[in-house]
Structures are given as structure tokens and as C-alpha cells.
Amino acid sequence: MTNKFTGEITEARSLYSLYEPRSMIQLAVAGNTKFESQGGYVEWQTSWTALDEQGNILGRDERKHGIALWTKVDYASDNFILNCGQAPANSFNLRLRLQAAAPGESAWHFVADVYIPIYIAGSVVTPSPIPL
């Protein structure tokens, strides 16, 4: 059996409705993750990654969470501002991905993702590939 992670992104919004090129992109993000452990872990972590349309990482934040040794299920809620670097010259759909992992795992487990339109002054954004 393997560790299991489930959850949802409960908030993913740009702090500003319009950015100037080269201004700092910031997102208000929040989400809940459930960890069903198969071992005696004392910690685990969530990873929040913001990507552009080509898959380049714009911002990333990892949050550590603790779990009691005598339990196999833990819940975590993350809520923070994610910095995503400088705004490009054109509007785009930013992808926000939530993943989780236990220590020693070689890969992150997918939990959820959403697309957020980022509007840049003087350009338009194409419709997002996945409903918001």
C-alpha cells in the first residue's frame, strides 16, 4: 500500500485585476489536504507551484505539516500569498498546482490544480483550458 493524498484548492485568485508588465504577480491561495499514511511518519509536506502556459515555474512554496505517530490520517490547511515573479508583456493563464509528499518519497502526489487568468495591461487572455 502507498500513502494517499486528497484535497482541494479552496482559493486561487490574483491579488490584482490588472498587472503592468514587469510588476510582481501575487496570488491568494488556500487549500485543504488529507494525508492517509502507511507508515510511522512525523511530518509531511504540501507543495504549491505556479506555472506559465509553457510549464515554466513562476513561483513555488512548500509547507511542512506534522502528524502524530499513533495516527494514520492527518489534515492540513494552507492559506498564504504566493509570489510568482514579474509579469510578462502579455496576458496568460497561470496554472496553480497543489501536490503533497511524505519524507523519503521520490515523487510528489498530485492533489489538485486550477487555471487563473492573469491580465496584463495592453493585452488580452485566451480562455482557460479548464474551468476555474
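Which strand is S47 found in? Strand β3. Before I go on, remember that this is a predicted model.

Okay, so let's stay with S47 for a minute. Buried or exposed? With a relative accessibility of 0%, S47 counts as buried, because the cut-off for buried is under 20%. Its side chain isn't without a polar partner, though: it makes a polar contact with the side chain of R60, at 3.2 Å. If you skip the neighbours within four places in sequence, S47 is in contact with R60, D61, E62, R97, L98, Q99 and W108.

Let's hop to one of those, Q99. That residue sits in strand β6. Q99 has a relative accessibility of 12%, so Q99 counts as buried too, being under 20%. Again leaving out neighbours within four places, the contacts of Q99 include S47, as you'd expect from what I just said, plus Q45, T46 and T49. Q99 also contacts W108, H109, F110 and V111.

Now the greasy part. How many residues are in the largest nonpolar core? There are 28, and the ones with the most contacts inside it are L94, L96 and I118. Who supplies this core? At least two residues each come from β1 (4-14), β2 (24-36), β3 (43-51), β5 (73-86), β6 (92-101) and β7 (109-118). Take L94 as an example: not counting residues up to four places away in sequence, L94 touches L27, A50, L51, L58 and C84. On top of those, L94 touches V114, Y115, I116 and I118.

On to the rings. A search of the whole structure turns up six aromatic pairs. One of them is Y16 with Y19, an edge-to-face pair, 5.7 Å centre to centre and with 85 degrees between the planes. The two partners don't share the same burial: Y16 is partly exposed, at 45% relative accessible area, whereas Y19 is buried, at 3%.

Then there's F35 with W44, and that pair is tilted, with centres 5.2 Å apart and planes at 40 degrees. Both F35 and W44 are buried. They also belong to something bigger than a pair: ring pairs link F5, F35, Y41 and W44 into a cluster.

Last one, and it's a charge with a ring. What lies over the face of F80? That's R63, at 3.8 Å from the ring centre.

If you have the structure open, S47 and R60 are a good place to start looking, with that 3.2 Å side-chain contact.

Methods:
Residues are numbered from 1 along each chain as its sequence is written. This is a predicted model: local features need pLDDT of at least 70, side-chain atom pairs count only at pLDDT 80 or more; totals for chains, interfaces and linings use all residues. Side-chain values use heavy atoms; hydrogens and water are left out. A nonpolar core is a set of buried Ala, Val, Leu, Ile, Met, Phe, Trp, Tyr and Cys residues joined through side-chain atoms within 4.5 Å. Buried means under 20% relative accessible area, exposed over 50%, partly exposed in between (1.4 Å probe, protein chains only). Helices (H or I, at least four residues) and strands (E, at least two) are DSSP runs, numbered from the N terminus. Contact means heavy atoms within 4.5 Å. Rings of Phe, Tyr and Trp (its six-membered ring) pair if their centres lie within 6.5 Å; planes under 30 degrees apart count as stacked, over 60 as edge-to-face and the rest as tilted. A charge sits over a ring if NZ of Lys or CZ of Arg is within 6 Å of the ring centre and within 35 degrees of the ring normal. A polar contact is a pair of N or O atoms within 3.5 Å; within protein, one must be able to donate a hydrogen and the other to accept it, and residues adjacent in sequence count only if both atoms are side-chain atoms.
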